[in-house]
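Here is a quick tour of charged side chains and where they sit, written for someone who likes to check the geometry. Open the structure and follow along.

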Amino acid sequence: MDPTVPLQLSVDRSSPVPLYFQLAQQLEAAIEHGELTPGSLLGNEIELAGRLGLSRPTVRQAIQSLVDKGLLVRRRGVGTQVVHSQVKRGLELSSLYDDLEAAGQRPATRVLLNTFAPASAEVAAALGLPEGMEVHQVERLRLAHGEPMAYLCNYLPTGLLDLDSDQLEATGLYRLMRAAGITLHSARQSIGARIADRIEGERLGEPEGAPLLTMQRTTFDDTGRAVEFGTHTYRASRYSFEFQLLVRS
């Protein structure tokens, strides 16, 4: 392991959990908790296998599982390197910008579209407006550590607030809404998945056919008025949603 990143790694041979999975979990936890930061190098497989008393195939399998998740990358002439942690987002009313910032992911935004357009049937139904009525449409590409993370398309009723592209690139939409005096109270949200087409793949830096997470959300203020409808697409290799489930007695 890189001497600048001393990690305490161990495996429990009495556990039914496969050894490669135990190692992968510990390395992933080190990445998530910031012990292994983006750019950190892992020692070679022989050194790591010898230190833990594991076979090289076991270590290779653990590392490959994190390569497949997008947390590590093998670079010729450099070695195995930490790319970044996967963002895990709890299901609560928060913005992607805030979640990325809280995770230390250095969020950035490219505004692709900031205009007014007639509401489609879907948008009109979500916002409770007549179909064809003009709405504010914003399309953005959200990045973390300089890499695309999500494509965000948001629709808001006109006259709700001014949305300047420079402001949208500097912070999150929900922060701007709150700063304008809008109280975000609740939201209705649905989550899905699909494979990327060519255009989506190019936009998000994924190959055509890669898995994508999707989310649609309608946000309401404290009066029950719909103030925003969003349809978002996320890279499944970089992003996940977390659920906390309670057992009903």
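Let's start with Arg235, which counts as buried because its relative accessibility is 5%, under the 20% cut-off. Keep in mind that this is a predicted model, so every value here is computed from it.

What does the side chain of Arg235 meet in a salt bridge? The partner is the side chain of Glu206, at 2.9 Å from N to O. Arg235 sits in strand β9 (residues 226-235) and Glu206 in the loop between α8 and β8 (211-221), so this pair ties together parts that are 29 residues apart in sequence. Glu206 counts as buried too, because its relative accessibility is 14%. The pair also belongs to something wider: Glu147, Glu206 and Arg235 are linked in a network of salt bridges.

**Other salt bridges**

The protein has five salt bridges by the rule used here. Three of them, including the one just described, are set out below.

| Pair | Closest N to O distance |
|---|---|
| Arg235 and Glu206 | 2.9 Å |
| Glu200 and Arg194 | 2.3 Å |
| Glu202 and Arg198 | 3.3 Å |

Take Glu200 and Arg194, whose side chains meet in a salt bridge. Glu200 counts as buried, at 10% relative accessibility, whereas Arg194 is partly exposed, with a relative accessible area of 39%.

Then look at Glu202 and Arg198, joined by a salt bridge. Both are in helix α8 (residues 198-204), and because they are four residues apart there, about one helical turn separates them. Is Glu202 buried or exposed? Glu202 is exposed, with a relative accessible area of 57%, while Arg198 counts as partly exposed at 48%.

**A buried arginine without a salt bridge**

Side chains of opposite charge can pair when their charged atoms come close. Now try Arg140, which is placed in strand β5 (residues 134-144). Arg140 is buried, yet it has no salt bridge. Why not? The nearest side chain of opposite charge, Glu228, is 6.3 Å away, and a salt bridge has to be within 4 Å, so Glu228 does not qualify.

What does the side chain of Arg140 make a polar contact with? That would be the side chain of Asn154, at 2.7 Å. Leaving out residues up to four places away in sequence, Arg140 touches Thr109, Arg110, Val111, Leu112, Ala150, Tyr151, Leu152, Asn154, Leu168 and Leu173.

**Helix α1**

Here's a simple geometry check. Helix α1 (residues 19-32) has 14 residues, and at 1.5 Å a residue it should span 20 Å; its end C-alpha atoms are 20 Å apart, which agrees. Which residues of α1 are buried? They are Gln22, Leu23, Ala24, Leu27, Glu28, Ala30 and Ile31. After α1 comes Gly34, with a positive phi near 85°.

**The whole protein**

Zooming out, the protein has eight helices and ten strands. Of its 249 residues, 46% count as buried. Its accessible surface comes to about 12900 Å², and carbon and sulfur atoms account for 51% of that. As for contacts between residues at least 6 apart in sequence, 60% join residues at least 24 apart.

Notes. Residues are numbered from 1 along each chain as its sequence is written. This is a predicted model: local features need pLDDT of at least 70, side-chain atom pairs count only at pLDDT 80 or more; totals for chains, interfaces and linings use all residues. Side-chain values use heavy atoms; hydrogens and water are left out. Helices (H or I, at least four residues) and strands (E, at least two) are DSSP runs, numbered from the N terminus. The expected span of a helix is 1.5 Å times one less than its number of residues. Buried means under 20% relative accessible area, exposed over 50%, partly exposed in between (1.4 Å probe, protein chains only). Lys and Arg count as positive and Asp and Glu as negative; His and the chain ends are not counted. A polar contact is a pair of N or O atoms within 3.5 Å; within protein, one must be able to donate a hydrogen and the other to accept it, and residues adjacent in sequence count only if both atoms are side-chain atoms. Contact means heavy atoms within 4.5 Å. Accessible areas come from the Shrake-Rupley method with a 1.4 Å probe; for residues, only the protein chains shown count as cover.
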